[in-house]
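Open the model in your viewer and keep the selection panel at hand. The stops below go from one element to its partner and then to the core.

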Amino acid sequence: MEHNVEKLIKIILLVIIILAGLSYWLIPKSKLRSGFQMNDKVFIITQLIGILCGVAGLSITFIYPQYIIELHIWELVVMPYFLILTYWLIVMKIRKSTEILDEKQEYDMSKAGGITFGISLPAMIIIYILYQNGIVQGLIWFPYYIFIAILIFSCSTIFQYRKN
């Protein structure tokens, strides 16, 4: 049963990645490109998706630690964030520029990056202590770090963005 679930998840992930790659290649060459724009709404939706992926991923990491890596569930949970960032790449390709954010958004994201780095260090110490005390086992630190970083970054970005 678990082997079938793992195969299904791998197939789903492969199909999504192929479709994302095809979208990146085809959309800028099609009439659909006019619908791909970067604005405040997309910026905020990106951060909300990051928050949802982070919370869902952390929850699953601690509820089903034996399956999160073994069945590739962490990749499935992070996929919506990957897809919204693919949207950003498509917008960059359409505009032929990497500058798709305004100065405030870039500033807010750079502050969020610093905050994420600062908080992720103590977060990794926590997972290390849990590992040393036998509370968590194996490679759980890997999805834990990814999800904690996405969550902190997205929360910090929204906080900075809304603060001013």
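Select helix 1 (helices being DSSP runs of H or I, at least four residues, numbered from the N terminus): it has 25 residues and reaches 36 Å from first to last C-alpha, close to the 36 Å expected at 1.5 Å a residue. The expected span is 1.5 Å times one less than the number of residues. This is a predicted model, in which local features need pLDDT of at least 70 and side-chain atom pairs count only at pLDDT 80 or more, while totals for chains, interfaces and linings use all residues. Residues are numbered from 1 along each chain as its sequence is written, and side-chain values use heavy atoms, leaving out hydrogens and water.

Within helix 1, pick Glu-6, Ile-9, Leu-13 and Ala-20, which are buried (under 20% relative accessible area, 1.4 Å probe, protein chains only). Helix 4 is among what covers them.

Now add helix 4, residues 73-95. Its axis lies 10 Å from that of helix 1, at about 5 degrees (axes are lines fitted to C-alpha atoms over the stretch in contact, with angles from 0 to 180 degrees between N-to-C directions). The two helices are therefore roughly parallel, the term for angles under 35 degrees. Residues in the contact (heavy atoms within 4.5 Å) include Ile-16 and Tyr-24 of helix 1 and Met-79 and Phe-82 of helix 4.

Last, show Tyr-87. Beyond neighbours within four places in sequence, Tyr-87 is in contact with Gly-35, Phe-36, Gln-37 and Val-42.

Technical notes
Angles under 35 degrees count as roughly parallel, over 145 as roughly antiparallel, 65 to 115 as roughly perpendicular and the rest as oblique. Buried means under 20% relative accessible area, exposed over 50%, partly exposed in between (1.4 Å probe, protein chains only).
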